[in-house]
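User: Hey, could you walk me through this one? I'd like to talk about backbone oddities, helix packing and the sheets.

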Amino acid sequence: MGKIKKIGVLTSGGDAPGMNAAIRGVTRTAIYNGLEVIGIRHGFQGLINANFKPLRSFSVSDIIQRGGTILKTARCEEFKTPEGRLKAYNNLKEEQIDGVVVIGGDGSFTGARIFNEEFDIPFVGVPGTIDNDIYGTDYTIGYDTALNTVVEAVDKIRDTASAHNRMFFVEVMGAEAGFLALFGGIATGAEAIIIPEIKGEARNLKKMIETGNTRKKSSNIIIVAEGDEEGGAFGIAEKVKDDFKDYDIRVTVLGHLQRGGSPSAIDRVNASRLGNAAVEALIDDQKSVMVGLSNGEITLVPFRKAVKLHKDVNHSIVELARILSV
Ligand code: F6P
């Protein structure tokens, strides 16, 4: 038997649909390989407070279809301090945990990377965030479900927008990333999409909308990523309102409803694969790496790269959005 006998698993940062499927994938793979599994509750805070509970195979029954995370999550300030990380290390040693799977976003991987520079207990990451903004993986857990939630919501907004001949600015999540906005906009036939990766797009709005309105459109939907420099949907609507004096404007912020809900089939399957791959990586003596999906295959990406490098949107898809909205 290898040197890993007992692993911990935690979820950290913003929750994402499919995190439970990943926890299940980790737990069942570990048990299959003869390892013990400890669930760490409330993210890194649970490491610092020794908030541990053993997970058995039945502990993860009936969770693959549930949103949120059975282990709870948190954004933990204390783990950013050397003292906090030392407490975490001592608790892991005491519990005889030989490796940890961290399911979260780049903030979580930053903490995990620093910990692995200081201490000898390996951490392996599983990308989980609805923003899909992690370098080194085509996909993050929760993105597909959130995208479908955006599409369902915007389709409904389209109904009322058309009924009243209105212009809507719809804000979607994506801290500093436009993936949800771009794909959500294409999937709903948005007239314009404003994302942080493409600067100055708000200035072209008048031209884009006027082109469409020569075809007498009965509604206009502009999707705005929350992290846009112009200040989100309310900020942009305010800035451009003089250009659109003849329009009846409304603003909708989709907000946290995008984070909830039962995970899509894609999120369940990918989360299961990534959870499985993370445990295999620990068994193979990997540390300070994230498991990712690239062209449908599992990859290993050093935390160093995953947190430092920027994942850009595909510019041919940005161009596609422009072409489709003429
Ligand atoms: O999970 C990422 C994210 O959804 C971002 O898009 C958003 O800015 C952020 O979380 C908001 O999270 P919270 O309200 O939990 O701080």
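User: What sign does phi take at asparagine 165, just after α5?

Analyst: Positive, at about 55°. Keep in mind that this is a predicted model.

User: Why would a positive phi catch your eye at all?

Analyst: Because most residues other than glycine have a negative phi.

User: Ok. Where does aspartate 62 lie, and what's its phi?

Analyst: Aspartate 62 is in the loop between β3 (52–54) and α3 (82–94). Its phi is positive, about 65°, although it is not a glycine. Asparagine 295 belongs in this conversation too: it has a positive phi of about 50° and is not a glycine either. That residue sits in the loop between β10 (289–294) and β11 (297–302).

User: Back to α5. How many residues does it have, and what span does it reach?

Analyst: α5 has 22 residues, and from its first C-alpha to its last it reaches 31 Å. That is close to the 32 Å expected at 1.5 Å a residue.

User: And how do the axes of α5 and α6 cross?

Analyst: Helix α5 (residues 143–164) and helix α6 (residues 179–188) have axes that come within 9 Å and cross at roughly 45°. The two helices are therefore oblique to each other. As for handedness, α5 passes α6 in a right-handed crossing.

User: Which residues meet there?

Analyst: On the α5 side you have Tyr143, Ala146, Leu147, Val150, Val151, Val154, Asp155 and Arg158. They meet Phe179, Leu180, Phe183, Gly184, Ala187 and Thr188 in α6. By type, the residues of that contact split into ten nonpolar, two polar and two charged.

User: Why do the numbers on a helix face tend to jump by three or four?

Analyst: An α-helix has 3.6 residues a turn, so residues three or four places apart point the same way.

User: Makes sense. Then what about α6 and α11, how do those cross?

Analyst: The axes of α6 and helix α11 (residues 315–324) come within 10 Å, crossing at roughly 30°. In this pair α6 passes α11 in a left-handed crossing. Leu182, Phe183 and Ile186 in α6 meet Ile317, Val318, Leu320, Ala321 and Leu324 in α11. That contact comes out as eight nonpolar residues, with no polar and no charged ones.

User: So which α6 residue turns up in the contact with α5 and again in the one with α11?

Analyst: Phe183: it is on the α6 list for α5, and it is on the α6 list for α11.

User: Nice. Switching pairs: at what angle do α3 and α4 pack?

Analyst: About 70°, with the axes of α3 and helix α4 (residues 106–118) 11 Å apart. That makes α3 roughly perpendicular to α4. The crossing of α3 and α4 is right-handed. Arg85, Ala88, Tyr89 and Leu92 in α3 meet Ile114, Phe115 and Glu118 in α4. Those residues divide into five nonpolar, no polar and two charged.

User: Does α4 sit on any strands, and if so, which ones does it lie across?

Analyst: α4 lies across β4 (99–104), β5 (123–127) and β10. Its direction runs at about 170° to β5.

User: What order do the strands take in the seven-stranded sheet?

Analyst: The order is β3-β2-β1-β4-β5-β10-β11, in an open sheet with mixed pairing. β3 and β11 stand at the edges with a single partner strand each, so one side of each has no neighbour in the sheet. Direction ignored, neighbouring strands are turned by 30° against each other on average.

User: In what sense do β2 and β3 pair?

Analyst: Antiparallel, over three bridges between strand β2 (residues 36–40) and β3. Within that pairing, isoleucine 40 has phenylalanine 52 in β3 as its bridge partner.

User: Now the four-stranded sheet. What's the order, and which strands are at the edges?

Analyst: It's an open sheet ordered β7-β8-β6-β9, with parallel pairing. β7 (192–194) and β9 (248–253) are the edge strands, each pairing on one side only. The twist averages 20° from one strand to the next.

User: How many bridges join β7 to β8?

Analyst: Three, and β7 and strand β8 (residues 220–225) run parallel. Isoleucine 194 stands opposite valine 224 in β8.

User: Last one: which helix packs on that sheet?

Analyst: Helix α8 (residues 232–240), which touches β6 (166–172), β7, β8 and β9. The direction of α8 makes about 145° with that of β6.

Definitions and conventions
Residues numbered from 1 in each chain as written. Predicted model: local features only at pLDDT ≥ 70, side-chain atom pairs only at ≥ 80, totals over all residues. Heavy atoms only, no water. Pairing = 2+ DSSP bridges. Axes fitted to C-alpha atoms, helices over the stretch in contact; angles between N-to-C directions. Contact = heavy atoms within 4.5 Å. Parallel < 35°, antiparallel > 145°, perpendicular 65-115°, else oblique. Left-handed = near helix turned anticlockwise from the far one by under 90°. Nonpolar A, V, L, I, M, F, W, Y, C, P; charged D, E, K, R; others polar. Expected span 1.5 Å × (residues − 1).
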